[in-house]
Amino acid sequence: MHFVEIGYGTPLLVIHGFCVDHHLLVGLDPALAGRGGWRRVYIDLPGMGLSAAGPDIRSTDDVAAAVASFARKAFGIQRFAVLGNSFGGIIARHLVAEFGDQVLGLALLCPVAVADHGRRRVPPRMVLRTDEDLLASLDQEDAAAYQEMAVLQTPENWARFRDSALPGLRRFDRKAIGRIAGKYPLAIEPEDRESTFKGPTLVIAGRQDHVVGYQDQATLAARYENSTFSILERAGHNAHLDQPELTASLLEAWIARMDELLPLPGGTST
């Protein structure tokens, strides 16, 4: 599985969403660095980015198993944290159920809370700021991909989308994605397997997220004992692109909560 690693220290596994790759979340890295004791590991999920998906990858359960196998090999018995975005949120929740207390903390950014699209509570698609001149200046396919997600159409927002979302959208394995999409829900909801996770948990949702919504995310956050839930205003499914400063602030606070659980230099704990 392809990955990009930044920094040293306690592992933090960062998992992107469907049909994109690790570029989508690398912009969060300054917020995830904490006090400098975090090894940020950005993976490409099977069939996305530079990670191949063989014929054995036929469902979300298969993707989750592959990521769990990667974590075992990469981290061994070391404790680690995990951040999952959108579809990556399903995988992150699976890791919590799979590894239990070995997971230090969980962050979910606009996560899939309900796998069945027909059962999701989502607001209507809404664009709060349009820029017809910007859209007219773009390649037609790029403009269509951007319009599908952008809540705030500005040159700055487009630049973030171009650098973070487009690399994965241009590269994913359509056959593999089709197989996974055909068996999208996990066989067992992660919280039905592990309902006692006590690590610092953060759930971020976008008020204008027409893909996964925000109401189901509130219900999901309530299932985690030590959770913080935040709805970002003027933010869609790519909330971290629409509201980068607010997202960074919330992630920095989550990292700080986990820093308190880690040993200080010299081997003592806080």
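## A pair of strands within the sheet

In this predicted model, Leu13 stands opposite Val82 in strand 4. The two strands concerned are strand 2, which covers residues 10–15, and strand 4, which covers residues 80–85; they run parallel and are joined by 4 bridges. As a general matter, the strands of a sheet pair through backbone hydrogen bonds, in either a parallel or an antiparallel manner.

Strand 2 and strand 4 belong to an open sheet of 7 strands, whose order is 1-3-2-4-5-6-7 and whose pairing is mixed. At the edges of this sheet are strand 1 (3–6) and strand 7 (227–232), each of which pairs on one side only. From one strand to the next, the twist averages 15 degrees.

## Helices on the sheet

Helix 3, made of residues 60–75, lies across strand 1, strand 2, strand 3 (38–43) and strand 4, and runs at about 145 degrees to strand 3. Helix 4, made of residues 87–99, also packs on the sheet, where it touches strand 2, strand 4 and strand 5 (103–109). The direction of helix 4 makes about 150 degrees with that of strand 4.

## Two helices that pack on each other

Helix 6 (residues 140–149) and helix 7 (residues 155–164) pack with their axes 11 Å apart and at an angle of about 110 degrees. Because angles of 65 to 115 degrees count as roughly perpendicular, helix 6 and helix 7 are described as roughly perpendicular to each other. On the side of helix 6 the contact is made by Asp142, Ala145, Tyr146 and Met149, and on the side of helix 7 by Asn157, Trp158 and Phe161. By class, the residues of this contact divide into 5 nonpolar, 1 polar and 1 charged.

Met149, which is found in helix 6, also has contacts elsewhere in the chain. When residues up to four places away in sequence are not counted, Met149 touches Phe161, His210, Val211, His237 and Asn238. Met149 and Met126 are 23 residues apart in sequence, while their C-alpha atoms are 9.4 Å apart in space.

## The largest pocket

Met149 appears again in the largest pocket, which has a volume of about 650 Å³: among the 29 residues that line this pocket, the closest to its centre are Phe18, Cys19, Glu148, Met149 and Leu169. The elements that give two or more residues to the lining are helix 6 and helix 8 (166–169), and helix 6 gives the most, with 6 residues. Taken by class, the lining of the largest pocket has 16 nonpolar, 6 polar and 7 charged residues.

## Enclosed cavities

Rolling a probe the size of a water molecule over the atoms shows where empty space is left. In this model the count comes to 3 cavities of 30 Å³ or more, and the largest cavity has a volume of about 50 Å³. The lining of the largest cavity is formed by Ile90, Arg93, Ala113, Val114, Ala115, Tyr184, Pro185, Leu186, Glu189 and Pro190. These lining residues divide into 8 nonpolar, no polar and 2 charged.

Terms used. Residues are numbered from 1 along each chain as its sequence is written. This is a predicted model: local features need pLDDT of at least 70, side-chain atom pairs count only at pLDDT 80 or more; totals for chains, interfaces and linings use all residues. Side-chain values use heavy atoms; hydrogens and water are left out. Two strands pair if DSSP finds at least two bridges between them. Axes are lines fitted to C-alpha atoms, for helices over the stretch in contact, and angles run from 0 to 180 degrees between N-to-C directions. Contact means heavy atoms within 4.5 Å. Angles under 35 degrees count as roughly parallel, over 145 as roughly antiparallel, 65 to 115 as roughly perpendicular and the rest as oblique. Ala, Val, Leu, Ile, Met, Phe, Trp, Tyr, Cys and Pro count as nonpolar, Asp, Glu, Lys and Arg as charged, and the others, Gly among them, as polar. On a 1 Å grid over the protein atoms alone, a cavity is a set of points where a 1.4 Å probe fits but cannot get out, and a pocket is an open set with protein on both sides within 12 Å along at least five of seven lines; lining residues have an atom within 4 Å of a point. Grid points are joined across faces, edges and corners, and a volume is the space filled by probe spheres set on the points.
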